[in-house]
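Here are some short exercises to work through with the model open in your viewer. Try each task on your own before reading the solution.

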Amino acid sequence: MKNTTFYSAGAGSGKTYKITKEISRMIAEGRGEFRADQIILTTYTKDAANKLREDVRSMLYANCLYDAAI
């Protein structure tokens with residue numbers, strides 16, 4: 001896989017924030033052929049996955065990237 005990023009860190013270290021910012025930035029910049037539906041994130045719980053999804057969506061809305069947020 002090209003363009004693979006791996007984050008490994010303990011609880012409370014800011015992983016969710018870092019990932020949210022990075023994904024939002026990549027979508028906003030339109031890097032290459034990058035699209036939101038090409039992202040694979042692995043979490044321990046469905047709640048964590050939903051939190052990431054909603055945080056990214058909120059950040060995209062805040063930056064007026066409505067189509068990407070949808």
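**Exercise 1. A pair in one helix**

In which helix do glutamate 22 and arginine 25 both lie, and how many residues apart are they?

*Solution.* Keep in mind throughout that this is a predicted model.
- Step 1: Find the two residues in the sequence; both belong to helix α1, three residues apart, or about one turn of the helix.
- Step 2: Look at the side chains. Those of glutamate 22 and arginine 25 meet in a salt bridge, at 2.6 Å from N to O.
- Step 3: Check the exposure. Glutamate 22 has a relative accessible area of 21%, so it is partly exposed, and arginine 25, at 30%, is partly exposed too.

In general, side chains of opposite charge can pair when their charged atoms come close.

**Exercise 2. Following the charges**

Find the salt bridge between arginine 25 and glutamate 29, then turn to the one made by glutamate 54.

*Solution.*
- Step 1: Arginine 25 also meets the side chain of glutamate 29 in a salt bridge, with 2.9 Å from N to O.
- Step 2: These two residues both lie in helix α1, four residues apart, again about one turn of the helix. Glutamate 29 is partly exposed, because its relative accessibility is 47%.
- Step 3: Move to helix α2. Glutamate 54 forms a salt bridge with arginine 57, the closest N and O atoms being 2.8 Å apart. Being three residues apart in helix α2, these partners are separated by about one helical turn.
- Step 4: Compare with the exposure limits. Glutamate 54 is partly exposed, with a relative accessible area of 39%, and arginine 57 is partly exposed at 26%.
- Step 5: Now join up bridges that share partners: Glu22, Arg25 and Glu29 become one network.
- Step 6: For the full tally, the structure holds four salt bridges, including those described here.

**Exercise 3. Inside the fold**

Which residues make up the largest nonpolar core?

*Solution.*
- Step 1: Start with the overall layout. The protein chain has three helices and zero strands, and its elements run α-α-α from the N terminus on.
- Step 2: Collect the core members. There are seven residues in all: Ile19, Ile23, Ile27, Leu52, Val56, Leu60 and Ala69.
- Step 3: Assign them to elements. α1 (15-29) and α2 (46-62) each supply at least two residues of this core.
- Step 4: Take one member, alanine 69. Leaving aside neighbours within four places in sequence, alanine 69 is in contact with Arg57, Leu60 and Tyr61.

As a general point, nonpolar side chains in soluble globular proteins tend to be buried together.

**Exercise 4. A threonine to place**

Is threonine 20 buried or exposed?

*Solution.*
- Step 1: Locate threonine 20 in helix α1.
- Step 2: Use the cut-off. Buried means under 20% relative accessible area; threonine 20 has 4%, so it is buried.
- Step 3: List what surrounds it. Not counting residues up to four places away in sequence, threonine 20 touches Leu52, Asp55, Val56 and Met59.
- Step 4: Set this beside the whole chain: of its 70 residues, 14% count as buried.

**Exercise 5. Out on the surface**

Which residues form a nonpolar patch on the surface?

*Solution.*
- Step 1: Pick out Tyr61, Tyr66 and Ile70, which together have about 360 Å² of accessible area.
- Step 2: Place isoleucine 70 in the segment after α3 (66-69). Isoleucine 70 is exposed, because its relative accessible area is 75%.
- Step 3: Turn to the tyrosines. Tyrosine 61 is partly exposed at 38%, and tyrosine 66 is partly exposed at 44%.
- Step 4: Look for ring pairs. The count comes to one aromatic pair. Tyrosine 61 and tyrosine 66 form this pair, which is tilted, with 5.8 Å centre to centre and 45° between the planes.
- Step 5: For the wider picture, the accessible surface of the protein chain comes to about 5800 Å², and 54% of that belongs to carbon and sulfur atoms.

**Exercise 6. Reach along the sequence**

Among contacts between residues at least 6 apart in sequence, what percentage join residues at least 24 apart?

*Solution.* In the protein chain, 41% of these contacts do.

Methods:
Residues are numbered from 1 along each chain as its sequence is written. This is a predicted model: local features need pLDDT of at least 70, side-chain atom pairs count only at pLDDT 80 or more; totals for chains, interfaces and linings use all residues. Side-chain values use heavy atoms; hydrogens and water are left out. A nonpolar core is a set of buried Ala, Val, Leu, Ile, Met, Phe, Trp, Tyr and Cys residues joined through side-chain atoms within 4.5 Å. Buried means under 20% relative accessible area, exposed over 50%, partly exposed in between (1.4 Å probe, protein chains only). Contact means heavy atoms within 4.5 Å. Patches are made of residues with over 30% relative accessible area and no salt bridge: like charges are joined within 9 Å, nonpolar side chains (Val, Leu, Ile, Met, Phe, Trp, Tyr) within 5 Å. Accessible areas come from the Shrake-Rupley method with a 1.4 Å probe; for residues, only the protein chains shown count as cover. Rings of Phe, Tyr and Trp (its six-membered ring) pair if their centres lie within 6.5 Å; planes under 30 degrees apart count as stacked, over 60 as edge-to-face and the rest as tilted.
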